[in-house]
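Here is a friendly walk through one model, meant to be read with the viewer open beside you. We start from a single loop residue and work outwards to the helices around it.

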Amino acid sequence: MATFTLGRKFIINECSAEYDWVRQQIEDGVDRGCVIASIQRNFGGDEETAGLFLKIAVGESTPGVLLTHLSLSDWSPCSNQYLESIEK
């Protein structure tokens, strides 16, 4: 698997510019396959990793799924407030 260059800090921040960039492409009607290819070009990773990143951006998955896929098990947010906000 090619190295995914975004770390845990970026992956758990669903308000990051990286996720906004992906969401904007989807809103603009760019084909999901092309978005996945763009993610791979910009951030590395394989097709599955890029697809998981896209799913997080559009609200179809959670950062924990991608972090588990990347074997970054220490992904828990620092505060319970964050956990409460994502459970709603």
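## Starting from a loop serine

Setting aside residues within four places in sequence, Ser16 is in contact with Phe10 and Arg23. Please keep in mind that this is a predicted model. Ser16 sits in the loop between helix H1 (8-11) and H2, and with a relative accessible area of 5% it is buried.

## The chain as a whole

The protein chain has 6 helices and 0 strands, so to speak an α-α-α-α-α-α pattern when read along the sequence. Of its 88 residues, 35% count as buried. Among contacts in the protein chain with a separation of 6 or more, 50% are accounted for by residues 24 or more positions apart.

## Helix H2 and its two sides

Which residues of H2 are buried? They are Glu18, Tyr19, Val22 and Gln25. Looking down the axis of H2, these buried residues fall within an arc of 120 degrees, so they line one face of the helix. An α-helix has 3.6 residues a turn, so residues three or four places apart point the same way. The face of H2 turned away from the buried side carries the exposed residues Ala17 and Glu27.

The buried residues of H2 pack against H1, H3 and H4. Just after H2, Gly29 takes a positive phi of about 85 degrees.

## Helix H3, end to end

Helix H3 covers residues 32-43, and its 12 residues should span 16 Å at 1.5 Å a residue; the end C-alpha atoms are 16 Å apart, which agrees. Val35, Ile36, Ser38, Ile39 and Phe43 are the buried residues in H3. Seen down the axis of H3, they fall within an arc of 160 degrees, so they too line one face of their helix. The partners they pack against are helix H2 (17-27) and helix H4 (47-57).

Both ends of H3 have a detail to look at. At the N-terminal end, Asp31 acts as a cap, with a side-chain oxygen 2.9 Å from the backbone nitrogen of Gly33. Just after H3, Gly44 takes a positive phi of about 80 degrees.

Gly44 belongs to the loop between H3 and H4, and it is buried, with a relative accessible area of 15%. Leaving out neighbours within four places in sequence, Gly44 is in contact with Thr3, Phe4 and Ile39. The C-alpha atoms of Gly44 and Ala2 are separated by 6.1 Å, although these residues are 42 residues apart along the chain.

## How H4 meets H2 and H3

What is the angle at which H2 and H4 pack? It is about 85 degrees, with the axes 9 Å apart. Since angles of 65 to 115 degrees count as roughly perpendicular, that makes H2 roughly perpendicular to H4. On the H2 side the residues are Glu18, Tyr19, Val22, Arg23 and Ile26, and they meet Phe53, Leu54, Ile56 and Ala57 in H4.

Turning to the other pair, the axes of H3 and H4 come within 9 Å and cross at roughly 110 degrees. That makes H3 roughly perpendicular to H4. From H3, the contact is made by Arg32, Val35, Ile36, Ile39, Gln40 and Phe43, and from H4 by Glu47, Ala50, Gly51, Phe53, Leu54 and Lys55.

Gly51, a residue of helix H4, counts as buried at 14% relative accessibility. Its C-alpha atom and that of Ala37 are separated by 9.1 Å, with the two residues 14 residues apart along the chain.

## Past the end of H4

Ser61 has its place in the loop between H4 and helix H5 (63-69). Not counting residues up to four places away in sequence, Ser61 touches Lys55 and Ile56. At 17% relative accessibility, Ser61 counts as buried, the cut-off being under 20%.

To finish, here are the buried residues discussed one by one, with their places and values.

| Residue | Place | Relative accessible area |
|---|---|---|
| Ser16 | loop between H1 and H2 | 5% |
| Gly44 | loop between H3 and H4 | 15% |
| Gly51 | helix H4 | 14% |
| Ser61 | loop between H4 and H5 | 17% |

Definitions and conventions:
Residues are numbered from 1 along each chain as its sequence is written. This is a predicted model: local features need pLDDT of at least 70, side-chain atom pairs count only at pLDDT 80 or more; totals for chains, interfaces and linings use all residues. Side-chain values use heavy atoms; hydrogens and water are left out. Helices (H or I, at least four residues) and strands (E, at least two) are DSSP runs, numbered from the N terminus. The expected span of a helix is 1.5 Å times one less than its number of residues. Buried means under 20% relative accessible area, exposed over 50%, partly exposed in between (1.4 Å probe, protein chains only). The arc is that of the directions from the helix axis to the C-beta atoms. Contact means heavy atoms within 4.5 Å. A polar contact is a pair of N or O atoms within 3.5 Å; within protein, one must be able to donate a hydrogen and the other to accept it, and residues adjacent in sequence count only if both atoms are side-chain atoms. Axes are lines fitted to C-alpha atoms, for helices over the stretch in contact, and angles run from 0 to 180 degrees between N-to-C directions. Angles under 35 degrees count as roughly parallel, over 145 as roughly antiparallel, 65 to 115 as roughly perpendicular and the rest as oblique.
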